[in-house]
Amino acid sequence: KLTRKSFGKAELARMGAGGIIAVSQGSDREPRLIVLEYRHPQAKKTLGLVGKGVTFDTGGISLKPGADMHEMKYDMSGSAMALHALAAIAEQKIPVNVICAIAMVENMPSGNAFKPGDVYTALNGKTVEVQNTDAEGRLILADALTYVQKNYKTDLLIDMATLTGACVVALGDFYAGLFSNNGAARAIVEKAAAESREPVWALPIGPRYRELLNSDIADINNIGGRYGGACTAAEFLNAFVDEGQMWVHLDIAGVGMIKKPFSVYTASGSGYGVRLLAEVARQMAGGV
């Protein structure tokens, strides 16, 4: 059974999804939070998927350089990965339940755009200081993660996003960066990645990275300085994950935008991760 919900700007404002609203407010196009549910009658476990859906990312007021900005139409790759993984799981009738939440926005500069120095309140009640509007993906993911945790119980929650250039600097376009709060969750994804031939590489999070996100005027800052950018971005997301929730973050900034054939991929806009997530579902169905 497959069901769908879609929340527009007014509904997101009423529920308090401050990150999604903030990132989208510079655009003439309204944001959406789309929630898909796949239910299998024999399922014993539930997989949560959260995808970054920035349909175009100029960087906002913290404007990106013009070179290669046209490629920012691919900044929705995480949402595509989540959506098509759910479709693959449903098509194969894998006996797991899947909750898929994709946050869809366009990040544009305008007179209405959110600005460096702004503070907003996220869906979980935390206040966030925005020091760079080009660190926007984590803001919409945080609200989507919160929405899933508030409304569903998942055995494993995975988010995926073309999140940071820092991850590409660290790993090139050879691996997705894997971050997790749980060793067993990390092992599930690493095993699935090996089976699907979609490489991942584990990178750290933790208190030292959280310190870099300290804000003088809010609960948390949206950037952590020049170094360790992929790790501080993942740690920002970790701040929105409930205690006891098994969680994995996949930074697909490199592998999600490859321009040449690689491993199982044949074309630009790779489709990275669909096989991987379907394999995670198969492992969960088998009692992993």
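Which helix gives the most to the lining of the largest pocket? In this predicted model, that helix is α5, with 3 residues.

**The largest pocket**

Let's stay with the pocket for a moment. Its volume is about 800 Å³, and 35 residues line it. If you want to find its centre on screen, look for K64, L163, T164, G165 and A166, the lining residues that lie nearest to that point. Besides α5 (165-171), the elements β3, α4 (137-151) and α8 (229-238) each supply at least two residues of the lining. The chemistry of the lining is mixed: 12 of its residues are nonpolar, 10 are polar and 13 are charged.

**Two enclosed helices**

Helix α8, one of the contributors to the pocket lining, is largely enclosed by the rest of the structure, because 10 of its 10 residues are buried. They run from G229, A230, C231, T232 and A233 through A234, E235, F236, L237 and N238.

Helix α9 covers residues 274-285. From first C-alpha to last, its 12 residues reach 17 Å, close to the 16 Å expected at 1.5 Å a residue. This helix is largely enclosed by the rest of the structure too, since 9 of its 12 residues are buried. The buried ones are V274, L276, L277, A278, E279, V280, A281, Q283 and M284. What lies over them? The cover includes the strands β3 (46-57), β7 (156-161) and β9 (200-202) along with the helices α3 (77-91) and α6 (183-196). Strand β3 thus appears both in this cover and in the lining of the largest pocket.

**A small sheet**

Three strands make an open sheet of mixed pairing, in the order β5-β6-β10. Its edges are β5 (119-121) and β10 (220-221), each of which pairs on one side only. Between β5 and β6 (residues 127-129) the pairing is antiparallel, over 3 bridges, and V119 stands opposite E129 of β6.

**Two residues with positive phi**

Most residues other than glycine have a negative phi. Here are two residues that have a positive one, although neither is a glycine.

| Residue | Phi | Place |
|---|---|---|
| D68 | about 65° | loop between β3 and α3 |
| K93 | about 55° | loop between α3 and β4 (97-107) |

How open are they to the surroundings? D68 counts as partly exposed because its relative accessibility is 45%. K93, at 58% relative accessibility, counts as exposed, the cut-off for that class being over 50%.

Methods
Residues are numbered from 1 along each chain as its sequence is written. This is a predicted model: local features need pLDDT of at least 70, side-chain atom pairs count only at pLDDT 80 or more; totals for chains, interfaces and linings use all residues. Side-chain values use heavy atoms; hydrogens and water are left out. Helices (H or I, at least four residues) and strands (E, at least two) are DSSP runs, numbered from the N terminus. The expected span of a helix is 1.5 Å times one less than its number of residues. Buried means under 20% relative accessible area, exposed over 50%, partly exposed in between (1.4 Å probe, protein chains only). Contact means heavy atoms within 4.5 Å. On a 1 Å grid over the protein atoms alone, a cavity is a set of points where a 1.4 Å probe fits but cannot get out, and a pocket is an open set with protein on both sides within 12 Å along at least five of seven lines; lining residues have an atom within 4 Å of a point. Grid points are joined across faces, edges and corners, and a volume is the space filled by probe spheres set on the points. Ala, Val, Leu, Ile, Met, Phe, Trp, Tyr, Cys and Pro count as nonpolar, Asp, Glu, Lys and Arg as charged, and the others, Gly among them, as polar. Two strands pair if DSSP finds at least two bridges between them.
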